[in-house]
Structures are given as C-alpha cells and as structure tokens.
Amino acid sequence: DLQLYKDTCKQINSKYQKIRGYFDVESLNKKVVELENKTFADDFWNDNKKANIILKEIKKNKDTLHFY
C-alpha cells in the first residue's frame, strides 16, 4: 500500500533527523550558547519550571558534546 510506504518513510525520516542532530556538534554548541545566554536574563528565575527546562537542556547538550 502506497500510503503505508509514505507513512513509514516519514517516520524513518523523522528518526533520522533526530539522530542526525546528535552528531551536529556545531549546532549543539550554538544551542548551548543560546540557552546559556537566556540564563543571564534578569527575569530568568521568574518562571522556575521554564528555567529548569532550560537548565536540563543545557546539561543534556553538554553531556552529548562531552563525547566529542
């Protein structure tokens, strides 16, 4: 079935893009810098939930970069 094939291709492409992001060191470095810059904002801790999400994202990206 053609539709099933198309859906499968979309799923594979989505997974590929996600995996590809793990190996894009330059983009990960840029993302870390972007996120770290957000932490310098005066109102960063006004929303603790959002702040913690950002900090976790920074840690995740730095942990990934550690392997490179």
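Me: Why does K62 count as partly exposed in this predicted model?
Reply: The relative accessibility of K62 is 42%, and partly exposed covers what lies between the buried limit of under 20% and the exposed limit of over 50%, so K62, a residue of helix 3, is classed as partly exposed.

Me: What makes the pairing of the K62 and E36 side chains a polar contact?
Reply: The side chains of K62 and E36 are joined at 2.7 Å, which falls within the 3.5 Å allowed for a pair of N or O atoms. Leaving aside residues up to four places away in sequence, K62 touches V32 and E36.

Me: Why is N61 called buried or exposed?
Reply: N61 has a relative accessible area of 4%, and because buried means under 20%, N61 is called buried. N61 is found in helix 3, which spans residues 48-65, and, not counting residues up to four places away in sequence, touches L28, K31, V32 and L35.

Me: How do you know which kind of aromatic pair F44 and W45 form?
Reply: The structure holds one aromatic pair. In that pair, F44 and W45 lie 5.1 Å apart centre to centre with 80° between the planes; since ring centres pair within 6.5 Å and planes over 60 degrees apart count as edge-to-face, the pair is edge-to-face.

Me: What makes F44 buried and W45 partly exposed?
Reply: F44 has a relative accessible area of 9%, under the 20% limit for buried, whereas W45, at 47% relative accessibility, falls between that limit and the 50% above which a residue is exposed, so W45 counts as partly exposed.

Methods:
Residues numbered from 1 in each chain as written. Predicted model: local features only at pLDDT ≥ 70, side-chain atom pairs only at ≥ 80, totals over all residues. Heavy atoms only, no water. Helix = DSSP H or I, 4+ residues; strand = E, 2+ residues; numbered from the N terminus. Buried < 20%, exposed > 50% of the residue type's maximum accessible area, 1.4 Å probe, protein only. Contact = heavy atoms within 4.5 Å. Phe/Tyr/Trp six-rings, centres within 6.5 Å; stacked < 30°, edge-to-face > 60°. Polar contact = N/O pair within 3.5 Å; in protein donor to acceptor, adjacent residues only side chain to side chain.
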